[in-house]
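Q: Could you take me through one part of this model in detail? I would like a close look at the place where the two chains meet.

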Amino acid sequence: MAIPPRFRMGHYEFWILAVLGALLPIQAAWAQGPPLRAVEVTGIEPGPARHSLSDQWGTLQLRLSNGGTEDRNVRVVVFYSDRPDIQYGRDVWMPAKSAVSTWLPIGPPSRQWIISDHCELQYLLYDRTDRAGHLQLPSRDERIRSATAAHRRHEVFTDVFLGEGQSDPGEDRDSQDAIEAARVFRQSAGLSEMVGTMEGGTLPPVPEALSGVDHVILAGRCLGNDPIGRQTLRRWLQHGGTVWVMLDRADPDVVADLLADAPAPTIVGRTTLTSVVLRRVSGGEADRQELEKPVAFLHVLTDRSDTVLHTVDGWPASFTRPVGRGKVLFTALGARGWYRPRGAQEQPSPFPEFPDTPVSLPALDDLAVDLVPVGKAREFSVTEFGPLLSDQIGYSIVGPGPVAALLGAFLLAVLLAGVWLRRSRRAELVGWLGPAAAVVVGAVFALWGEQTRRVIPPSVAAVNLIDATAGSQEQPVTGLVAVYRPTAGRATVAADHGGALQLDMAGLQGETLRWIATDAGAWHWEDFDLPAGLRLGSFAYTTHLDHPPAAGARFEANGSLNGKLLTGSLTGLEDVVLSTPSGRPRAVILQPDGSFVADDRDLLPGQYLSGTVLSDKQQRRQAIYRSLLGEALPLHLQNRTALFAWEDKGDVPFTFDSDAHRGGGTLLVVPIRFTRPTAGSHVTVPGAFLQCKRVLEGRAASRPPLRGNTPIDMRLRFQVPPKLLPLKIERARFSMRVRAVARQVTVSGIAGNKVVALKTSDEPDGTLEVEIQQPEFLHLDAEGGLQVEVAIGLPLRQLPAAADGTPNKDETWTLASVPQLSLVAGP
Amino acid sequence: MDRLLGPPIFLACAGLLLANSALAGDREYDSPMYRDPVIPVPGHVITFAPGILSMWLQALERPEVDLRCRAALAIAAARRLGLRDTDRAIAPLIRVLEKPGQDEAVRLAVAQALIELDARDAAASLWAQAESGNHDLRNLIEPALARWNFQGARAAWLKRLDQVDVDDRSLLLAIRGLGMVRVAEAVPDLRRWVHQADAPATIRVEAARALDSIRPAELEKDASRLLAGGTNDLAARIAAVTLLSHAQTPAAVKLLQQMLRDPEPAVVRIAVVRLNQIDPRTVIPVVDRLLKNPEAEVRLAAIEALAREITVPRLQVLADRCLDPHPQVRAEARRRLGKLASRADLQPVILKLATGLLEGSDWRGQEQAALLLGQLGHRPAGARLLVLLNSHRPEVCLASAWGLREIGDPKTLPSVFDYVRDVHTDIQRPDGSIPDRLAVVPVFDAQISQLVQFLGKARYRRADPLLRKFLPRRPTPGSRPPVAGEARAAAVWALGLLHDSQPDPVLAKVFETRLLSVFTPRGGDDPRVLRMFPIALARMHARNSVSGLRRFYQEASAHEARNACAWALAQLTGQAVAPVPPIARAASGWFLSPLWKVPAPAGPRPPPG
């Protein structure tokens, strides 16, 4: 076809276009970086422990391939499609012609996804081979790489760790039984049917690997060949996780590693049962079941620190052991022994997809209560350390007093000026004098604030809370860090040796924040700009102590507790307090060599540190003790005796700006390991060290009520510290502070089925004490419990109603605190 | 490395399980159709991407802790799966382990790999790591060194036995190590721990195990001393019986006999097992008591003693155990009776006892008697077994069918045929209800399979039309077949026998079509049924089906049925056909792997012709 002359190119035009044509691809390539078409992300999905994201941190599994002939360093950056301003990245080395699978921790999704069963993720791929970081656009038509990940709103989540992925759990009857037991347990606890499984493989060495998981059930050889994964699981446990070990299925190496240096339960025999009689240690009716297909049962020797919950033929069938802030539940009876088939005439299971889910036996209901306590357990929040950290840094905003004084002075000055000007007949000047004075006061405020900010250097202070795990070199640490910057600018926040830090991101909206994981335990916030001021962040990490903290103590005849605290590298401990199972703390005198004495006197309410004059720091610490120990203890500290002590160092494994001043402290919590009294000696166990529970339906179940309007018969059980057993009780003293106007209160001793009144008091109002010396009332049960009955009767006379017609307040009987029982034991 | 072999292995395993067992997990009910003929099951070979080990060794040298850990663990896992040449990783792994300042996680992973590689030359390096103070390393390494009989740890272990402030876990490791390495110098300290009443029970029992392993003289004295404490100290009694686990002196026998009266079954079990090993006569005086023990393992041991020292009066005791509530115990009693029945003097009594059980009302006795009499081919039991096909217990329904097939009495064939026909009629009911046969439902498939095999083996030609009705995968469109692959496989196998050397072109065409349906959408069949088609075709001399069999052999993925085709082709053509070679399966799911195309399973050589 002929081209009209006006459209024909001249020589120059041709060359100009040719050059431009040649440059265009180069320019495009320059914009996108070197060609990396060979590198592709081939998969993104949650896992391996939890296969859905929740509203907590989680872990993604990334799969990439490099079809090129050169090694590549790439970075994958993932973010939720509606929150492109918070991104999570992972640096990956990819040899030539390789496929790589790796992990990436990712933060919680935004609210948009909370009710959805999936999250939209987007991701970017950067080639960082030359360290510049060139963004690689996808080779496909779309311009943005995206993926969908399963999401489930967070609820108590149970994960069953099964075998090594060599067989399908659907075909393995034992695995099915374990999954069934998990489902029945959740049914009993009122949870959903959601049970996750992990069938083998390795756990990523990051704390987020088990984020969003509440219970792990070990029911196979999973992690048997993964010592790093076992570490991850143990650290998660020490930080408050719960592990249910099915001893008939779990890998012994995994169990042993889980317990750090404490000995694993020793299996002395395996048998199978067709007739199962499950007895509660705390009493009550036994669960009986006849099985056609035998169920496994292991004969296990437990440690003295274990709490046996159920027995079969006298052997422990279930028992628990605290590990750090977490708990391990062991079951020696096979999964099928804890539930029964659902009868054809019974209501279907509440799980619509699993209507035939078996029915839990009462014993499994007990375990469900133990693992998922009814009501929300009180958790100690590290935010309580905030005031202490602010003191440490010295930063404070201008207080309300000075502000009020300045504003008051301003108003007074304006008023006086107004009066004076009015008298001077120059009232028109008020029109500009008022605003001028306001500007001056505003400027004073600004200068004052700036001065306050600048006078303090950049600082970082942290308070660590170490819940010492007995005998373990690894110790779980949580805490709060305060970062103070007098000026805005680029900040360093990173970690090289593990740990998770949740810095308060308030005021950073609108900026793109990028969290990059470069290796196991190594991460940093990239190009992180922080405004001036104080910023708090909670953290959690695991510290390694060559000499684990330990405290051993022995009761003496006079009721004092003498012991020794070994703290290894932690030195200069001060402001020591002893928490007790009864919830009544004791003051402790700690000597420089670590020896300590706690006498048998209670501290005054609200007082935790002895001494008449407390420094500001001590007052802050006392406030923390009040928060930590004041009401019901956090779950992991209940029923335990532990030493609390402060150290003035607050080192954390995170990297901040190098010029920042450092400060902080460490609160160490060390459980006391009781030693038995020396042979032939007498010992007095004060009442504070015996936990008191009310026996209901034959079981020591709950804390006794402290007030009521109706008569009550309470059987109380006092638990002797297991390490002291066996103990021959010579006498006991029961005491309670009670006010029961117009009522009779009777305290009775219990010998078998016999209940004998020991003391009756009419209308008591004060401390009621009963000395128990009759040997028949001093027998401890098999688990070291002693029972006493308290009866508060009907009103002996009619009490007049109040003036407004409401019932008389004196109709309510009250106990000032939980009753106590102190014991004297002999050789 | 999750799901390294994943679904393929599962499918193969599931297929094998289904093919070889009438009732999953129950080996009592064998089936002749799986033995006649014997069809080899192809093995599996796990393959790895070429150069994968080199890539991991490259990762081992990287600065990233995560890569080094995962490389080491991958090498260990690959070794377990059979990767050859992993020994060349040992030297690099040791280098990484010994590198100063090496990260603890890396050391842990590398130690795991070296242990997996059985790198005994690295024992000294590993021991140095165990001594470094890291408890995870110590817990991982010390048991391996003990297995390797590493002498270098002896001194440290011995020292720990005497150390005051040693933690329980370290003490346990030392005790176990000394026991496995059999260090005689440890005996005094181990004895001390065994007798230390306030020591944790775990430590005392482990010390007893170590002493039992070392086996010094006069352990009987220790056991005796431990038993002197009475029945309150359970740990002492368990330690005592553990000490005598390998003893055989008269004093030990006396003590073990004393322990047979212990109230704790766990103690009795160890004692009775040992006494049985020494001389079952030592158990006989208390055998009645042992047979009442709540622990099944004790009763099993008592049955062993009884059977080894059998007399005619004791046969009754043994027969009574066929009523035991524990299935393993009653099965063991029946097996022992079955073996004893080879003695001419005992057989009449055993038959009489078994017949009594069969006639009795206890379903457990009926189940065991059916199996025992079936095994012994006792024809007079046939009538009772026919009645028990309709028992209220599925166990008895199945055992009766098995017994009838084993006995093989032609007189029972019409009744068996009637039963199978009635069952088939029942299951054809439009509403699907079979109220009279509810007890049989759980074992329908297996029971009918046994009876159909009986009809086939007996060449009961009257069954031909009935058995053809079992062939469809589903009796009616959309319905679920109440008899599954086991009974249908038996029907195909039986039809092959009924038409042995008597070609039936129609039936052969049906078989061939069904076999080749695997190549059509939504075709295929249960692997057990597929396997029986070529066998039946060969028996029927269906020469027209050779090309179809050849196609299946060459192209199908059902490996066991392919081997059945190989057998059938050999029968039909007279020329041997090689069985399917081992199936190659790529190990996948590695953290790092060369890109490679997974090789297709190696196909068999084309058959001749």
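A: Happy to, and let's begin with one ion pair: in this predicted model, A:Glu292 and B:Arg330 form a salt bridge whose closest N and O atoms lie 3.1 Å apart. Across the interface of chain B and chain A, 5 salt bridges are found. Polar contacts across this interface link 21 residue pairs, with both residues at pLDDT 80 or more.

Turning to the side of chain B that touches chain A, its largest share comes from helix α3 (residues 65-81) of chain B, which supplies 8 residues. By residue class, this side of chain B holds 32 nonpolar, 25 charged and 11 polar residues. As for the overall extent, 63 residues of chain A are in contact with 68 residues of chain B. Together the two chains bury about 4900 Å², and carbon and sulfur atoms account for 51% of that area.

The backbone takes part as well. Strand β5 (residues 98-106) of chain A pairs with strand β3 (residues 592-594) of chain B, in the antiparallel sense and over 3 bridges. Within this pairing, B:Leu592 of β3(B) is the bridge partner of A:Val100.

Finally, a look at another arginine of chain B. B:Arg334 sits in helix α19 (residues 327-340) of chain B. B:Arg334 counts as buried because its relative accessibility is 4%, below the 20% cut-off. Leaving aside residues up to four places away in sequence, B:Arg334 touches B:Glu28, B:Cys322, B:Gln368, B:Leu371 and B:Leu372.

Note on methods:
Residues are numbered from 1 along each chain as its sequence is written. Chains are lettered from A and ligands numbered from 1 in the order in which they are written. This is a predicted model: local features need pLDDT of at least 70, side-chain atom pairs count only at pLDDT 80 or more; totals for chains, interfaces and linings use all residues. Side-chain values use heavy atoms; hydrogens and water are left out. Contact means heavy atoms within 4.5 Å. Buried area is the accessible area (1.4 Å probe) that two parts lose on being put together, summed over both. A salt bridge is a side-chain nitrogen of Lys or Arg within 4 Å of a carboxyl oxygen of Asp or Glu. A polar contact is a pair of N or O atoms within 3.5 Å; within protein, one must be able to donate a hydrogen and the other to accept it, and residues adjacent in sequence count only if both atoms are side-chain atoms. Helices (H or I, at least four residues) and strands (E, at least two) are DSSP runs, numbered from the N terminus. Ala, Val, Leu, Ile, Met, Phe, Trp, Tyr, Cys and Pro count as nonpolar, Asp, Glu, Lys and Arg as charged, and the others, Gly among them, as polar. Two strands pair if DSSP finds at least two bridges between them. Buried means under 20% relative accessible area, exposed over 50%, partly exposed in between (1.4 Å probe, protein chains only).
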